[in-house]
Amino acid sequence: MNVAKIRATLKPWMLPIAMAGGIVFHNAMDYLAVLSPYLIFIMLLITYCKISPSQLRITRLSWSLLSIQIIGGIAVYMLLKPLGETLAQAGFICVFCPTATAAPVITGMLGGSVPRLATFSLVSNFTVAITAPVLFTFMGAHGHGPELSFIEVAALISLKVVPLILGPLLLAMVIQLTAPRVHKAIATRQGLSFYIWAVSLFIVVGKAVSYVIAHIGEPGAGGMLMLAIAGISLAVCCLQFIIGRKIGCRCGDKIAGAQGLGQKNTVLAIWMALTFLNPVSSIGPAAYVAWQNTINSIQLWLKARHESRIA
């Protein structure tokens, strides 16, 4: 069996193995977590080398997904508030949280429009940076450290997401202008993103498992409450993928719609919950890591299996 056949055989199973490995070796993630932003940066660089800046245009899909993200987050909060403030905040942050920086990569792997998703990722993250201070104040959340002004909160959120989104895009443009051959070589190696994503998934799932285990004994984090938050997180995750897919169908790209609304920047969501909301609500986005990556892994597994059968 040659290398190509071995790779075709293993590819459909790489993501489930990566998730299982993350669960088993979660104690080692403190040493590997530092690699996550670099892996995402490389994946985005590979993905952005495939697109032209002129393709980055705000369309009806972006506005439709953004309205669900903001209005839907507020609606979920108001709906769950009678059941408890912590549950409401957990549900809210899982919807309001912006699109994951790696979402364009997964969209490209699944055959969706990378430019559309890259555009929405920028719009989604910038909008959260601007609206988060207003909504956190509306919810009566004042944080757990020094009081921060509107501008300080927006700046902190922007600093956490903007470099990771714009950095690879700007670097891809520089490479295209200064080293077109290198740019072309990177653009033709989109398959590398799949294997980098498998390593990233291993780390992300391991971090999520470690996080949940570390916060089980936190004050106010009873077993039933944690299960309820995880259940709400699962329901919200599934609904966002379904709604995003339906919106995407109407706007001409069901994959970009599903990934744009369903795949979230959970690292940012956990940070915002720990900083501005009830810390226990951060269990919501921590559980969301498992749900969204299970859905992504199933989608990629089905696509890889389909491709291997064709090959």
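Let me start with the face between α4 and α5, where, in this predicted model, Ile68, Gln69, Ile70, Gly72, Gly73, Ile74, Val76, Tyr77 and Leu80 of α4 meet Glu85, Leu87, Ala88, Gln89, Gly91, Phe92, Val95 and Phe96 of α5. Sorted by class, the residues of this contact are eleven nonpolar, five polar and one charged. The two axes come within 8 Å and cross at roughly 170 degrees, and because an angle over 145 degrees counts as roughly antiparallel, α4 is roughly antiparallel to α5. As for the hand of the crossing of α4 and α5, it is right-handed.

From α5 we can move on to α7. Helix α5, which covers residues 85–96, packs against helix α7, residues 114–138, at an angle of about 165 degrees, and here the axes are 12 Å apart. That angle makes α5 roughly antiparallel to α7, and α5 passes α7 in a right-handed crossing. On the α5 side the contact is made by Phe92, Ile93 and Phe96, and on the α7 side by Val128, Thr131, Ala132, Leu135 and Phe136. Seven of the residues in this contact of α5 with α7 are nonpolar, one is polar and none is charged. Please keep Phe92 and Phe96 in mind, since both are listed in the α5 contact with α4 and both are listed again in the α5 contact with α7.

Helix α7 has another partner that I would like to show, namely helix α6, residues 103–110, whose axis comes within 9 Å of that of α7, with a crossing of roughly 165 degrees. The pair α6 and α7 is therefore roughly antiparallel, and α6 passes α7 in a right-handed crossing. The residues that make this contact are Ala103, Pro104, Thr107 and Gly108 from α6, together with Val114, Leu117, Ala118 and Ser121 from α7. By class, the contact of α6 with α7 holds five nonpolar residues, three polar residues and no charged ones.

Which residues have the most contacts inside the largest nonpolar core? They are Phe92, Ile93, Phe96, Phe136, Ile157 and Met272, in a core of 52 residues. Of these names, Phe92, Ile93, Phe96 and Phe136 have already come up in the contact of α5 with α7. The elements that give two or more residues to this core are α4, α5 and α7, and, further along the chain, α11 (223–251), α12 (254–262), α13 (266–276) and α14 (283–310). There is also a second, separate core of 37 residues, and among its members are Ala102, Val105, Ala198 and Ile255.

Stepping back to the protein as a whole, it has 14 helices and zero strands. Of its 311 residues, 50% count as buried. If we take the contacts with a separation of 6 or more, residues 24 or more positions apart account for 83% of them.

I will finish with three individual residues, which you may wish to find in the structure as I go.

Is serine 200 buried or exposed? With a relative accessible area of 1%, serine 200 is buried, because the cut-off for buried is under 20%. Serine 200 lies in helix α10, residues 192–214, and, when residues up to four places away in sequence are not counted, it touches Leu39 and Met43.

Proline 163, for its part, is placed in helix α8, residues 150–178, and is partly exposed, with a relative accessible area of 47%. Leaving aside its neighbours within four places in sequence, proline 163 is in contact with Ser158 and Pro168. Its C-alpha atom is separated by 9.5 Å from that of phenylalanine 41, although the two residues are 122 residues apart along the chain.

The last of the three is alanine 230, found in helix α11, and the question I would put to the structure is which residues alanine 230 touches, not counting those up to four places away in sequence. Those residues are Ala287 and Trp291. In addition, alanine 230 and alanine 286 are 8.6 Å apart in space, C-alpha to C-alpha, while being 56 residues apart in sequence.

Note on methods
Residues numbered from 1 in each chain as written. Predicted model: local features only at pLDDT ≥ 70, side-chain atom pairs only at ≥ 80, totals over all residues. Heavy atoms only, no water. Axes fitted to C-alpha atoms, helices over the stretch in contact; angles between N-to-C directions. Helix = DSSP H or I, 4+ residues; strand = E, 2+ residues; numbered from the N terminus. Parallel < 35°, antiparallel > 145°, perpendicular 65-115°, else oblique. Left-handed = near helix turned anticlockwise from the far one by under 90°. Contact = heavy atoms within 4.5 Å. Nonpolar A, V, L, I, M, F, W, Y, C, P; charged D, E, K, R; others polar. Core = buried A, V, L, I, M, F, W, Y, C linked by side-chain atoms within 4.5 Å. Buried < 20%, exposed > 50% of the residue type's maximum accessible area, 1.4 Å probe, protein only.
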